[in-house]
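Here are some notes for a colleague who is meeting this structure for the first time. Please keep the model open while reading them.

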Amino acid sequence: MGHLPEHQVERLIKRINRIEGQVGGIKKMILEEKPYDEIIIQLNSTRSAMQTVSKILLEAQADHSLMHVAEGGSLKEEMERLQKVIKQYNKMN
């Protein structure tokens with residue numbers, strides 16, 4: 001991920017850390033036999049957080065691809081790379 005600015009990496013790591021905490025909380029809720037609706041709310045919150053990370057990475061890939069092409073990189077290769085990322089992103093939604 002060397003093409004992401006340092007502040008972007010830090011932002012992603014903070015989000016991932018939060019997601020890890022949410023998953024740990026969900027595990028605890030299950031062990032404590034909390035109501036299913038409460039667990040599902042937390043699962044949805046975690047999924048939303050993961051989608052946000054995915055969106056940030058998709059946008060970063062698009063920026064990277066455009067910059068690489070502008071610098072003389074292969075349009076075909078970058079389009080293939082971007083299409084692959086978009087396909088994976090769409091699987092999550």
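## Notes on the model

1. A starting point is S54, which is buried, since its relative accessible area of 15% falls under the 20% cut-off for that class. Please keep in mind throughout that the model is a predicted one.

2. S54 belongs to helix α2, and once its neighbours within four places in sequence are left aside, S54 is in contact with Y89 and M92. Both of these residues are listed in α3 among those that meet α2, and S54 itself is listed on the α2 side.

3. The pairing to look at next is therefore that of α2 with helix α3, residues 75-92, whose axes come within 10 Å and cross at roughly 170°, so that the two helices are roughly antiparallel to each other. By class, the residues of this contact divide into 10 nonpolar, six polar and three charged.

4. On the α2 side of that contact the participants include M50, Q51, K55, L58, Q61 and A62, and further along H64, S65, H68 and V69. From α3 they are met by L75, E78, R81, L82, V85, I86, Y89 and M92.

5. Helix α2, residues 36-70, also packs with helix α1, residues 6-31, at an angle of about 160° and with the axes 10 Å apart. That angle makes α1 roughly antiparallel to α2, and α1 passes α2 in a left-handed crossing. The contact of α1 with α2 has 14 nonpolar, six polar and three charged residues.

6. Among the α1 residues in this second contact are L12, I16, I19, V23, I26, M29 and I30, together with Q8, R11, R15 and Q22. The α2 residues that they meet include I39, L43, A49, M50, V53, I56 and L57, as well as E38, Q42, S45, T46 and T52. M50 is thus named in the contact with α1 and also in the contact with α3.

7. Taken as a whole, the protein chain has three helices and zero strands, and from the N terminus on its elements run α-α-α. Its radius of gyration is 17 Å, well over the 12 Å that the globule rule gives for 93 residues, so the chain is more spread out than a compact globule. Along the principal axes, the C-alpha atoms fill a box of roughly 55 × 25 × 15 Å.

8. Two further values describe the protein chain: buried residues make up 20% of its 93 residues, and, of the contacts with a separation of 6 or more, 58% are between residues 24 or more positions apart.

Key:
Residues are numbered from 1 along each chain as its sequence is written. This is a predicted model: local features need pLDDT of at least 70, side-chain atom pairs count only at pLDDT 80 or more; totals for chains, interfaces and linings use all residues. Side-chain values use heavy atoms; hydrogens and water are left out. Axes are lines fitted to C-alpha atoms, for helices over the stretch in contact, and angles run from 0 to 180 degrees between N-to-C directions. Helices (H or I, at least four residues) and strands (E, at least two) are DSSP runs, numbered from the N terminus. Angles under 35 degrees count as roughly parallel, over 145 as roughly antiparallel, 65 to 115 as roughly perpendicular and the rest as oblique. A crossing is left-handed if the near helix is turned anticlockwise from the far one by less than a right angle, and right-handed if clockwise. Contact means heavy atoms within 4.5 Å. Ala, Val, Leu, Ile, Met, Phe, Trp, Tyr, Cys and Pro count as nonpolar, Asp, Glu, Lys and Arg as charged, and the others, Gly among them, as polar. The radius of gyration is taken over C-alpha atoms; the globule rule is 2.2 Å times the number of residues to the power 0.38. Buried means under 20% relative accessible area, exposed over 50%, partly exposed in between (1.4 Å probe, protein chains only).
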